[in-house]
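Please take a moment with the sequence and the three-dimensional view below before reading on. The paragraphs after them are meant for someone meeting this structure without earlier acquaintance.

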Amino acid sequence: TQASPFLHCGSNSESDSLAILHLKRDLLIPTVLRSHDDLNEGYSEGKVSNTRFGSFPHSTLIGVPWGSQVRASAVDTGSRGRKGWEGKGKKRKRDEDRQAQDDVAVEEKLKPEIEPKAAVDAATGFVHLLPPTPEIWTASLPHRTQVVYTPDYSYILHRLRARPGTVLIEAGAGSGSFTHAAARAVYNGYPNVNTGDSSTGGSLAKRWGKVWSFEFHEQRAQKLQEEIKQHGLDGIVEVTHRDACKDGFTPNETPASDLEANAVFLDLPAPWLALKNLARASTSSPLSRTTAIHLCTFSPCIEQVQRTITALRVLGWTEIDMVEIAAHRIEVRRERVGLAEEGLRGVNDSPASVDEAVGRLREVEGRSRIFHNEGSEGEEQAAAPGPAQVSKQQRLESIRNALEGRKLFKEGRLIHKAEQELKTHTSYLVFAVLPREWSEEDEKLAQEKWPAKV
Ligand code: SAM
């Protein structure tokens, strides 16, 4: 079996493994790479991802180093997606390849966005091939619910003290955005992580880390179970279809008392109703008795926060506080003042090479000429060079000489630009700690070690 690409992605992409096609900053498409595709029977190019930037046969995406730029295929063999998209293929097997269909659905969603400009780009389009990480998955996953985003979950996992070996309870699982980040945080080199062996409750889970995930919406729970398995995380994450408020935190086949969780994350509409199932007093409590428990609830409204805090106080939780994350994206880049000062607008945003810089300049000037009805580039080339053109040629040459040998990526003034608008409110995070249980045995040991002074 393959290792989970979320935990060990290796250096190159592999067949039958999840990869992310990065089209541009906010456009990422997850896809399972397939060297063979039933929808594309008889074609050696494997599955094909059709995007607004062109078609990408998976034969060009498999076995290449992560991070590679891959160009769209220039040749259409006639196989591209038609059978799949029109749903007429004889061999279409919904149940066997749900993920492949998800990909098609995402791509379908993008189709109406194809504008003439994008269609032109498609001829020369490219993607960057990225390995999946929880962050990239969050940015690209199919949304079935609102999700927890990276700025929130990175802080939450830090406050929950999630680390290799942590046993974390999560409800509701929703689209699994938080679940993937939590799985990576608690993973501790699980020996049987990819064998699909879910008999990992109790002491094994304590040593190796575990996410016990609960979701009361049946289809969502089922879909997440499938994704977790497909992503090779089924040894770390166990998703249970259950109402955590009504029925508590008992997973499919493990008694709740075997969980011995030490971290809890509740992303539910009424977290206060689930808190009673997290009391230590009950013999079926899923909480560890030997460690402190760190808890976070995630609620959009302050009224939910008030009710949660009241319940936490009643149930003996301590160190209660509330945080709101206001993530602010800051763009840092170099401004190529030198070129801009020379009036060469359009070439000042970090060209990758001298040729690219000169090429871009030519393009800008060409466009400007066409705009001002000064004839096409072809006409210009055909005509004998006049004095103005000669001087332009010389100018280009002198720029080329000036740029030659310089490390362009290091040039220009380093500037940063803050995002104009703050991202709107996501949720209030309530944190609390349940101290470790203090038994008679503990008291006796403490008395022996630190006898009371009389
Ligand atoms: N944290 C998730 C993520 O990052 O993708 C999103 C969670 S979504 C906002 C809330 C989920 O809680 C929904 O999927 C809903 O079905 C589930 N839910 C609501 N009440 C529940 C309950 N009592 N027990 C289990 N799940 C519940």
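What follows is a walk through the model, from its confidence to its ligand, its cores, its strands and some details of its backbone.

The reader should keep in mind that this is a predicted model. The protein chain has a mean pLDDT of 79, and 68% of its residues reach 70 or more, while the scores of the model are ipTM 0.99 and pTM 0.74. Two stretches call for caution: over residues 194-201 pLDDT stays under 50, and the model has 20 contacts beyond four places in sequence for them; over residues 375-384 pLDDT also stays under 50, and there the model has four such contacts.

The ligand is a convenient place to begin. It is surrounded by 22 residues, of which G172, G174, S177, F216 and H217 are the closest. By kind, the shell around the ligand divides into 10 nonpolar, eight polar and four charged residues. Helix α6, covering residues 177-186, and strand β8, covering 210-215, each supply at least two residues of this shell. One of the closest residues, G172, is placed in the loop between β7 (167-171) and α6, and the peptide bond that joins A171 to G172 is cis, with omega about -15 degrees.

From the ligand we can turn to the nonpolar interior. The largest nonpolar core has 56 residues, and among these L168, A182, V186, A261 and V264 touch the most other members. Helix α6 gives the most to this core, with six residues, and the helix also supplies at least two residues of the shell around the ligand. If neighbours within four places in sequence are left aside, V264 is in contact with I169, L278, I293 and L295. Apart from this core lies another one, of 17 residues, which include L18, V48, V127 and I136.

The strands offer a further view. Strand β13 (residues 330-335) and strand β14 (residues 413-418) run antiparallel and are joined by six bridges, with R333 standing opposite I415 in β14. Strand β14 is hardly covered, since the count of buried residues among its six residues is zero. In general, the side chains of a regular strand alternate between the two faces of the sheet.

Strand β12, which spans residues 318-324, holds M322. Why does M322 count as partly exposed? It has 16 other C-beta atoms within 10 Å, and is therefore partly exposed. Beyond its neighbours within four places in sequence, M322 is in contact with V305, Y428, L429 and V430. F214, by contrast, is 108 residues from M322 in sequence and 24 Å from it in space, C-alpha to C-alpha.

Finally, two residues deserve a look for their backbone angles. R161, in the loop between α5 (150-159) and β7, has a positive phi of about 60 degrees although it is not a glycine. E260, in the loop between β9 (237-241) and β10 (263-266), likewise has a positive phi, near 50 degrees, and is a residue other than glycine. Are their surroundings buried or partly exposed? R161 counts as partly exposed because it has 15 C-beta neighbours inside 10 Å, whereas E260 is buried because 20 other C-beta atoms lie within 10 Å.

Key. Residues are numbered from 1 along each chain as its sequence is written. This is a predicted model: local features need pLDDT of at least 70, side-chain atom pairs count only at pLDDT 80 or more; totals for chains, interfaces and linings use all residues. A residue is near a molecule or strand if its C-beta atom, placed from the backbone, lies within 6 Å of it. Helices (H or I, at least four residues) and strands (E, at least two) are DSSP runs, numbered from the N terminus. Ala, Val, Leu, Ile, Met, Phe, Trp, Tyr, Cys and Pro count as nonpolar, Asp, Glu, Lys and Arg as charged, and the others, Gly among them, as polar. pLDDT is the predictor's confidence in each residue, from 0 to 100. Two residues are in contact if their C-beta atoms, placed from the backbone, lie within 7 Å. A residue is buried if 20 or more other C-beta atoms lie within 10 Å of its own, exposed if 12 or fewer, and partly exposed in between; C-beta atoms are placed from the backbone. Two strands pair if DSSP finds at least two bridges between them. A nonpolar core is a set of buried Ala, Val, Leu, Ile, Met, Phe, Trp, Tyr and Cys residues joined through C-beta atoms within 7 Å.
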